[in-house]
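User: Could you take a close look at the ligand site for me, and then walk me through how the helices pack?

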Amino acid sequence: MKISKTTNSKIHSTDFSNLPFGRVFSDHMLICKYKNGSWGESEILPYGPIDMMPGTQVLHYAQSVFEGMKAFKNSDDEVLIFRKEENFKRINKSAERLYIPQIPEDIFMEGLDNLIALDSDWCKKNEEHSLYIRPFIFASGECIKASASDEYTFMIITSPTTRYYPSDINVLVEQHYTRAAKGGVGYTKASGNYASSFYPTKLANARGFTQVIWTDSVEHKYIEESGTMNIWIRINDTLLTPELSDSILGGFTRDSLITLARENGIKVEERKISIEEVLEAYNNGILKEVFGTGTAVTVAPINSITVGDKKIEIESQINSYASRLKKILQGIQNGSIEDIYGWTSKVNTVVSSQ
Ligand code: COI
């Protein structure tokens, strides 16, 4: 792997106390290209513009997938990446569905470790701080025929981050637009899934909502996700989360929370949850918590849900399941709680340099 270090680091001019999500990028990026049926040599170079012709396929047909992952610093200043094997598997699962070639494990893992080792100073130890990692693959061939590309580019960029949502989360149940349909690509991190969510989200934002709750595309009766998060409902002492399907993204924060909840004696059910069931639980006084999970947000309590013209407010609970589970999860992520699950991996130092 070729590594060219920046001679003009931005780290000292970066205000780490003011990091709007996704707007600040670390010094380096990884790039690897696929041509003539195989992946070439990876390169790490200073973060900067990439060449692209107007006929580049991704610009026309959105043949592109991405991942969201996070690294944390432990008290010994070591960097821990959370569940990287899962992200590696999922980017290839997404790639398969988008007819993008599989990225080999050594290119993904060595690129990731070297990049994070090089920019480890961008990963801060402060509470709620982490380094958000964005691997992505896009169709980089130059052709506007509506067909899969024969050239692709794999990249990793990173962005220091703190909280995703700075304030309360008030959501609207979306009963017209759809995020994902049966047989579609909702279970993947296809870039287009997010593009098509922006318009309904903006309509909801204009009405004062933070996000929407996506419902199933057939009846708009069952809840699926909220914004970019998996969603959780606590009824009495049971945590419910929608069962995975081809229209729901299988988040690793979701998966981790299921394990942590069960290990901590909390009953978890993965199943269909109707809006009606949530409203009924509210009316019966047994709707205790609603929250979302995702790499970017970790665990985020939802303060209100609006269905049509009915708004239900969810009172915050002392010692809520959301806050208890978030604390344990964050402890594992930053190394202050022993990781008995093998979820975290220490970043190896840079293996080669040029
Ligand atoms: C993540 O939580 O990793 C996401 O995918 C959210 C991202 C779209 C900002």
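Analyst: Let's start with tyrosine 132: a polar atom of its side chain sits 3.0 Å from an oxygen atom of the ligand. This is a predicted model, so please read each distance here as a computed value. Lysine 189 also reaches the ligand with its side chain, where a polar atom lies 2.4 Å from a ligand oxygen atom. Threonine 295 takes part through its backbone instead, with an N or O atom 3.2 Å from an oxygen atom of the ligand. These three belong to the set of residues that surrounds the ligand, which also includes Phe21, Gly68, Arg134, Tyr164, Tyr194, Thr228, Gly294 and Ala296.

Further along the chain from threonine 295 you will find proline 301, in strand β17 (residues 298-301). Leaving aside residues up to four places away in sequence, proline 301 touches Ile169, Val290 and Phe291. Its C-alpha atom is 9.6 Å from that of asparagine 170, although the two residues are 131 apart along the chain.

Now for the helices. Two packed helices are described by the angle between their axes and by the distance between those axes. Take helix α5 (residues 252-263) and helix α7 (residues 321-333): they pack at an angle of about 110°, and their axes are 10 Å apart. Angles of 65 to 115 degrees count as roughly perpendicular, so α5 and α7 are roughly perpendicular to each other. The crossing of α5 past α7 is right-handed. On the α5 side, the contact is made by Thr253, Ser256, Leu257, Leu260 and Ala261, while α7 supplies Leu325, Ile328, Leu329 and Ile332. Sorted by class, the residues of this contact are 7 nonpolar and 2 polar, with no charged ones.

The other pair to look at is helix α2 (residues 84-97) with helix α3 (residues 105-118), which pack at about 135° with their axes 11 Å apart. That angle makes α2 oblique to α3. Here too, α2 passes α3 in a right-handed crossing. Lys84, Glu85, Asn87, Phe88 and Ile91 of α2 meet Glu105, Phe108, Met109, Leu112 and Asp113 of α3. In this contact, 5 residues are nonpolar, 1 is polar and 4 are charged.

If you are following along in the viewer, try setting the two contacts side by side: the one between α2 and α3 has 4 charged residues, whereas the one between α5 and α7 has no charged residues.

Technical notes. Residues are numbered from 1 along each chain as its sequence is written. This is a predicted model: local features need pLDDT of at least 70, side-chain atom pairs count only at pLDDT 80 or more; totals for chains, interfaces and linings use all residues. Side-chain values use heavy atoms; hydrogens and water are left out. Axes are lines fitted to C-alpha atoms, for helices over the stretch in contact, and angles run from 0 to 180 degrees between N-to-C directions. Helices (H or I, at least four residues) and strands (E, at least two) are DSSP runs, numbered from the N terminus. Angles under 35 degrees count as roughly parallel, over 145 as roughly antiparallel, 65 to 115 as roughly perpendicular and the rest as oblique. A crossing is left-handed if the near helix is turned anticlockwise from the far one by less than a right angle, and right-handed if clockwise. Contact means heavy atoms within 4.5 Å. Ala, Val, Leu, Ile, Met, Phe, Trp, Tyr, Cys and Pro count as nonpolar, Asp, Glu, Lys and Arg as charged, and the others, Gly among them, as polar. A residue is near a molecule or strand if one of its heavy atoms lies within 4 Å of it. A polar contact is a pair of N or O atoms within 3.5 Å; within protein, one must be able to donate a hydrogen and the other to accept it, and residues adjacent in sequence count only if both atoms are side-chain atoms.
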